[in-house]
Amino acid sequence: MELNLHLLNPEQRQAVEHIDGPLLILAGAGSGKTRVITHRIGYLIDQGVAPDQILAVSFTNKAAQEMRERVGHLIGTSLSNRVHLSTFHSLGLDILKKHIEKLGYRRTFTILDQGDQISLVKDVLKDLKLDPSKVDPSDLLFLISRAKMAFLEPSKMPEFRYHPLMPFAQKTYRHYQAALRGLNAVDFDDLICLPVRLFEEHEKVRRRYASHYKYVMVDEYQDTNHTQLMFMEAIVREHQNICVVGDDDQSIYAFRGAVSGNILQVEKTFKNTRVIKLEQNYRSTNGILRAANALIANNSARKEKNLWSNNGDGDPITMVESKDEREEAEYVAAEIEALRFHLRLNYRDFAVLFRVNPQARLFEEAFRTYNIPYQLVGAAEFFDRKEVKDFIAFLKACLNPEDEVSMRRIVNVPPRGIGTQTVEKISVWAAEHQVSFFEALKSVSAGAQIDGMNHASHEHLKTFIQLIENFHQEFNATTHISQSARSLLHELNFVDYLRSAEKSPKVASRRIENVQQVLASIAQFESRAGGTLDGFLTRIILDQSSASKENEEDAVQCMTLHASKGLEFPVVFMVGLEEGYLPHERSLVNQAGIEEERRLAYVGVTRAQKKLYLSLSAERSRFGKKDERSPSRFLSEIPKEMIDSNMASLNPKLREMKNDLNLKYLEAMRAQLFSD
Ligand SMILES: Nc1ncnc2c1ncn2[C@@H]1O[C@H](COP(=O)(O)OP(=O)(O)OP(=O)(O)O)[C@@H](O)[C@H]1O
Ligand SMILES: [Mg+2]
C-alpha cells in the first residue's frame, strides 16, 4: 500500500499525522475535512493499526458510503471494507443487536418509524385520557425526541422548561417509553440513547467497545447532539483518541437538538485537544466561494471565515426565474441535457437541491419526459405510503413473527375478518396468558375461543399463520430474497387487493407501481450486496434512500439541502429559491430560525464545484389557485456582479435548443416506429 501524503497541504498533513489524543479540525466547506479523515484512516493502517479497530462516524448513509469509496480508492477495498465506517444510528443498532437483552428488551426488537411513533403516542394519550385532538402527538414527539437527544427527562430541558406542553410531554414520555418496551420496540432516537445507557449501566460492555475501537473519527461534528457526544466519549474515555471535524457555518440540525456549542464542548470534554484550522477550499471556483462568503456574512453569530481557492473565477452563477413551477422543472431538465452534451458530463455530475422532499415531484416528471435517469436520495415519504408500509410490514413479520408492531399492522391485510376489536381481544388474551401476540394468534387459529370471531375468520387466520410460517422459513433459508418477496406478494394476491380496494384505477395503478418499486429495490439490493432480508430492512430503516425510480448508476442526484451535506457535484441546481421555501415558512418566527436557513443555503451553494444555478418561479399553483412568489431574501444577499448578467427568465437559446431536442427525440421515435 502506498499512501501519498504529498497530496495534502501542511495543515492537513499535520492533522493526519496527529494520531494520539484528541484532535479538533474546524474549517469551512470544501477545505478537505473529510479528506483528512479518509487519509487519516489510511495513515493509521499504514502505521500498523488494524482496520477493524478504526471507527469513523458520518452523518448520513450517503456520506458514509462516499467516505467508504474514498478510503477504498486510497488503500484498496479489501482493507477499507474492514474499517468500521457508519452513521451514529447504524453503529447504535449494531450494538443493540448484540446487547439489548441487558436492557430488558428481547433480541427480536423492532424499530418504529415516525408513523408508528405517532400512532403509539395516540394510544398513550388515550390511555392517559388526554384528548389527541387537543394535543398534537407530533408536538409531543418533538419534545420527547429533544429530551432524548439531550439525554434528559423532558422537564429537565432548560430551553423547554416553560413550554406549554411540557406537563403533557413529561407524562407522555414515561408512558410512551413503557409502551415501547411493552411492544419490544425502540424508536430512532433510542438507537443512540439505549447504547449510551447500556454503556452507563454495563461497564464491562463499555470497556469492551472502548478497547476495541482504538481510533475514533467523527465527520460533520457541528450537527451532533449531546447524546451522541456522550456515546463517543464513552468509547474513547481511556485512550482519548478522537478526531472530530466540523464547520459551524454548516450547522443545520439545531431543530433536531444538535448543539453547535458541541464543537466548543470538545475542548472541555477532552483535555488537551489539539485544534487545527484549514483555510483553503479545493472544491469550488472562486466565483462560487465569493457568493457563499457574501451570503453567510449576513449571519450574526459566527466565527469569521473566508473561503478561497486556487480554482480560478470560473463561470458566473446563473440565476433563472421561470414563469411557473412546470417551466422551472423543464428548464432544469433541458439545461442538464444541454450541459451534458456540451461539457461532456455524466448524469451523476448534476445535483438538484431543494428544501423539502415534495418539491421533487415536478422534477421527477420532467426528468421522465426527457428520459433523464435520476435518483431521489433519502425520500422518506416513499416508505410512508400505506401500501409500501404494509408490504414492508409483511416482510418484517415473515422475518420475525415476534415483531408485534408489524404483525398487528398486517394481520387483517388484505382483510380476513380480523378487525381492530378482534385484534384488541387477541392482545388482551396474549397478556392474560403471558404469550406473545404471535403465539396468541397461533392459539386462536388452533381453536382458542375469542368473542366475535366466526368460523370463517378462524380458517382465514389459520391460512395466514401458515403463510407467515412458510415464508419465515423461506426467507431464512433463501439467498434469493427478491424471488421470495415476489412469491409472497403473489400468495397474498396483493396486487388484486390493491386494485379492488381503490376506486380510482389511476390511484390503484400508482399504488401497485409503488409495491413493484419495493420489489425492484430488493432485487437491486440483492444484486449489489448479495444481501439478506434483514440487511435490506435494516437499510431502509436507517437510510430510506432506495426509492430511486431508475436504478442506473449514472443518474442525476435529487435531494434535499439537508441530505446534500458533505457531498459535491460539478453542477448544482438550487431550485425553488423563494420566500417560504428557503427560508422555509416555518423558520420565519425568529432570527435563529432564519440564520439556520441561511446556513442551509450556504451548504447548498458550497456543494457546487464548477457551475451553480439559482432557480425560482414567479408563480406556483397551490390548491388550484395561482400563487405569486417572491424571490428568496438570500438571493439579494449575493452580489449582483457574481451573477450572470443575462438574468433572463428562460433563456431564448435554450428554448430553441429545447424544441430542437424534442424534435430529435420525436424523430428518433418515428424512426423506431417505422423501422419494422
Ligand atoms: N490538499 C488537497 N489537494 C487537492 N484536493 C483536495 C485537497 N484537499 C481536499 N481536496 C479536495 O477538495 C474537495 C473537498 O474536500 P472535502 O470533501 O474533504 O471537504 P470538506 O471540508 O469535508 O467539505 P464539507 O464541509 O462540504 O464536508 C474534495 O474533492 C477533495 O478531494
Ligand atoms: Mg466533509
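**Ligand shell and a buried strand**

The shell around ligand 1 draws at least three residues from each of domain 1 (10–96 + 202–278) and domain 3 (295–378 + 551–660), with bounds from an automatic or database domain assignment. This is a predicted model, in which local features need pLDDT of at least 70, side-chain atom pairs count only at pLDDT 80 or more, and totals for chains, interfaces and linings use all residues. Residues are numbered from 1 along each chain as its sequence is written, while chains are lettered from A and ligands numbered from 1 in the order in which they are written.

Trainee: Which helix gives the largest share of the shell around ligand 1?

Mentor: Among the closest residues to ligand 1 are Lys-33, Thr-34 and Arg-35; a residue is near if its C-beta atom, placed from the backbone, lies within 6 Å. The largest share, 3 residues, comes from residues 33–46, which form helix H2. Helices (H or I, at least four residues) and strands (E, at least two) are DSSP runs, numbered from the N terminus.

Trainee: Why is strand S15 largely enclosed by the rest of the structure?

Mentor: A residue is buried if 20 or more other C-beta atoms lie within 10 Å of its own, exposed if 12 or fewer, and partly exposed in between, with C-beta atoms placed from the backbone. Strand S15 (residues 569–574) is largely enclosed because its buried residues number 5 of the 6.

Trainee: Which residue of S16 is the bridge partner of Val-571?

Mentor: Strands pair if DSSP finds at least two bridges between them. S15 and strand S16 (residues 608–622) run parallel, joined by 5 bridges. In S16, the partner of Val-571 is Lys-611.
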